[in-house]
Amino acid sequence: TTLGAVEKLDFAYIIPGHGDVQPKSHAAFFRGYISDLIVAVKKASSDGATLAEMQTKIGDQLAGKYEAGMSKYPLGRYRDRIGQNVEMVYKKVVQKA
């Protein structure tokens, strides 16, 4: 993946789209989130969930692992973005397949 390739580069810090400069380890955290999100959306879709059901279920399902790390700053908090993120993965991964 692109994020996996980024992690192989020699750097110490990453500048995310929201919040403060982060250590390189943040790239692995974000890659984990994207990976888990894609897996969860694919599974929910194959189980017959509607988009609205996915947005609620997956938001709750991934919250324990990602909410705290993605909610430190007012812009881009986990609960504010998870529904949109689920929808984008659904449209770009599931519907496109």
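This tour moves from the whole chain to its helix contacts and then to its nonpolar core.

**The whole chain**

Begin with everything shown, bearing in mind that this is a predicted model. The chain contains four helices and two strands, and if you colour it from the N terminus on, the elements appear in the order α-β-β-α-α-α. Turned along its principal axes, the C-alpha trace spans about 40 × 30 × 20 Å. With a surface displayed, the accessible area comes to about 6300 Å², and 56% of that belongs to carbon and sulfur atoms. Of the 97 residues in the chain, 24% are buried. Among contacts with a separation of 6 or more, 51% join residues 24 or more positions apart.

**α2 against α3**

Select α2 (25–46) and α3 (51–66) next. The two helices pack at an angle of about 150°, their axes lying 10 Å apart, and α2 passes α3 in a right-handed crossing. To see where they meet, show the side chains of F29, G32, Y33, D36, L37, A40, V41, A44 and S45 in α2, together with M54, I58, Q61, L62, K65 and Y66 in α3. The residues of this contact divide into 10 nonpolar, three polar and two charged.

**α2 against α4**

Keep α2 in view and add α4 (78–94). Here the angle between the helices is about 65° and the axes are 9 Å apart; α2 passes α4, too, in a right-handed crossing. On the α2 side, the residues to display are Y33, L37, I38, V41, K42 and S45, and they meet Y78, I82, N85, V86, V89, Y90, V93 and V94 in α4. The contact of α2 with α4 is made up of 11 nonpolar residues, two polar and one charged.

**The nonpolar core**

Now hide the surface and look at what lies between these helices. Which residues have the most contacts inside the largest nonpolar core? Select Y33, L37, V41, M54, I58, Y78 and V86, which hold that place in a core of 16 residues. The helices α2, α3 and α4 each supply at least two residues of this core. In soluble globular proteins, nonpolar side chains tend to be buried together.

**I58 as a last stop**

Finally, centre the view on I58, one of the α3 residues that meet α2. Which residues does I58 contact once its neighbours within four places in sequence are left aside? They are L37, A40, V41, A44, Y78 and V86. Among these, L37 and V41 also take part in the contact of α2 with α4, where Y78 and V86 are found on the α4 side.

Definitions and conventions:
Residues numbered from 1 in each chain as written. Predicted model: local features only at pLDDT ≥ 70, side-chain atom pairs only at ≥ 80, totals over all residues. Heavy atoms only, no water. Core = buried A, V, L, I, M, F, W, Y, C linked by side-chain atoms within 4.5 Å. Buried < 20%, exposed > 50% of the residue type's maximum accessible area, 1.4 Å probe, protein only. Contact = heavy atoms within 4.5 Å. Axes fitted to C-alpha atoms, helices over the stretch in contact; angles between N-to-C directions. Left-handed = near helix turned anticlockwise from the far one by under 90°. Nonpolar A, V, L, I, M, F, W, Y, C, P; charged D, E, K, R; others polar. Areas by Shrake-Rupley, 256 points an atom, 1.4 Å probe, with all protein chains shown as cover.
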